[in-house]
Amino acid sequence: MTKIIGLTGGIASGKSTVSALLRQAGMPVIDADQVARQVQRPGSVALDKLAAAFGPAIIAPDGSLNRQRLGQRVFDDPAARQELDRIVQPLIKDTIWQAVDNFRRQGVANVVLDVPLLFEAGYDTDCDLVVVVRVSPATELRRLMARNGYSRAAAQARIAAQLPLSVKVAKADVVIDNDGSREETRRQVAQLVEDLRGTR
């Protein structure tokens, strides 16, 4: 039976690093952000619906989605965020579960769902194990400012718009602490992989 491992964390917590380490260890990873890009590719039904809902300005000159412009449009508007989710989330979910079914048919033992909104979108209820990548609030703020070039206020607003990391940690089966060195994170991921492979 295929075990579904949900992977999530706070913004700039290092979830992508953990996801990459799991891939390197040979774990199949379904990346929700990649799936979102796939379903919103140029010429897709989703992109046409987004343009109709939010205006043609969200389409870049090359026909792709201008994510930054869409983000600015929906960030401070809960109704716009709901409309965005209504358009794209069903398509993303369908694509993710089709991929899971493909792995099941192949008899794959463990599949990782790398989903930023794992709890918010309800994926956790279908996971056998939930892994949350955590960092301290100070580290999260510092990394987000450095990574995205945000001011302190802008970074704090992005963090505040998400489900608090402390809530995600409380719901987790496994917590990867990413406040230390990359080697420390690597050791925790290696232990996770060993544990998963020992419970087939």
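Buried means under 20% relative accessible area and exposed means over 50%, with partly exposed in between. On that scale D77, at a relative accessible area of 27%, is partly exposed. The structure described here is a predicted model, and the values below are to be read in that light.

**Salt bridges**

The count of salt bridges comes to 8. Three of the pairs are set out below, with the N to O distance and the relative accessible area of each partner.

| Pair | N to O distance | Accessibility of each partner |
|---|---|---|
| K15 and D114 | 2.5 Å | K15 9%, D114 2% |
| D77 and R73 | 3.8 Å | D77 27%, R73 37% |
| R134 and D177 | 2.9 Å | R134 22%, D177 32% |

The side chains of K15 and D114 form a salt bridge with an N to O distance of 2.5 Å. Because K15 belongs to helix α1 (residues 15-24) and D114 to strand β3 (residues 110-114), this pair ties together parts that are 99 residues apart in sequence. K15 has a relative accessible area of 9% and is therefore buried, and D114, at 2% relative accessibility, also counts as buried.

In the pair formed by D77 and R73, whose side chains meet at 3.8 Å, N to O, D77 is partly exposed at 27%, and R73 is partly exposed as well, with a relative accessible area of 37%.

The side chains of R134 and D177 meet in a salt bridge of 2.9 Å, N to O. This pair links distant parts of the chain, with R134 in strand β4 (residues 129-134) and D177 in strand β5 (residues 174-177), 43 residues apart. R134 is partly exposed, its relative accessible area being 22%, and D177 is partly exposed at 32%. The pair does not stand alone, for R134, D177 and D179 are linked in a network of salt bridges.

**Nonpolar cores**

In soluble globular proteins, nonpolar side chains tend to be buried together. In this model the largest nonpolar core holds 34 residues, of which L50, F54, I92, I96, L113 and Y123 touch the most other members. The elements that contribute two or more residues to this core are α2 (32-39), α3 (45-54), α4 (67-75), α5 (78-105), β3 and β4, and the largest share, 7 residues, is given by α5. Once its neighbours within four places in sequence are set aside, I92 is in contact with A32, V35, A36, V39 and Y123. Apart from the largest core lies another core, made up of 16 residues, among them L7, V133, I176 and L192.

**Helix α1 and the loop before it**

S19 is found in helix α1, and at 4% relative accessibility this serine counts as buried. Leaving aside neighbours within four places in sequence, the contacts of S19 are L7, V29 and D114. D114 is thus a contact of S19 and also the salt-bridge partner of K15.

The loop between β1 (3-9) and α1 contains G14, which counts as buried at 18% relative accessibility. Beyond its neighbours within four places in sequence, G14 is in contact with V133 and N178; V133 is also one of the members of the core of 16 residues. By way of a longer distance, the C-alpha atoms of G14 and A80, which are 66 residues apart along the chain, are separated by 28 Å.

A12 lies in the loop between β1 and α1. Most residues other than glycine have a negative phi. The phi of A12, by contrast, is near 60°, a positive value in a residue other than glycine. With a relative accessible area of 11%, A12 is buried.

**The second largest pocket**

The second largest pocket has a volume of about 210 Å³. It is lined by 15 residues, and those closest to its centre are P137, E140, P164, L165 and S166. Two elements, α6 (137-148) and α8 (165-171), are the ones that give two or more residues to the lining of this pocket. By character, the lining residues of the second largest pocket divide into 9 nonpolar, 4 polar and 2 charged.

Methods:
Residues numbered from 1 in each chain as written. Predicted model: local features only at pLDDT ≥ 70, side-chain atom pairs only at ≥ 80, totals over all residues. Heavy atoms only, no water. 1 Å grid on protein atoms, 1.4 Å probe; cavity = no way out; pocket = protein on both sides within 12 Å on 5 of 7 lines; lining within 4 Å. Points joined across faces, edges and corners; volume = space filled by probe spheres on them. Helix = DSSP H or I, 4+ residues; strand = E, 2+ residues; numbered from the N terminus. Nonpolar A, V, L, I, M, F, W, Y, C, P; charged D, E, K, R; others polar. Salt bridge = Lys/Arg side-chain N within 4 Å of Asp/Glu carboxyl O. Buried < 20%, exposed > 50% of the residue type's maximum accessible area, 1.4 Å probe, protein only. Core = buried A, V, L, I, M, F, W, Y, C linked by side-chain atoms within 4.5 Å. Contact = heavy atoms within 4.5 Å.
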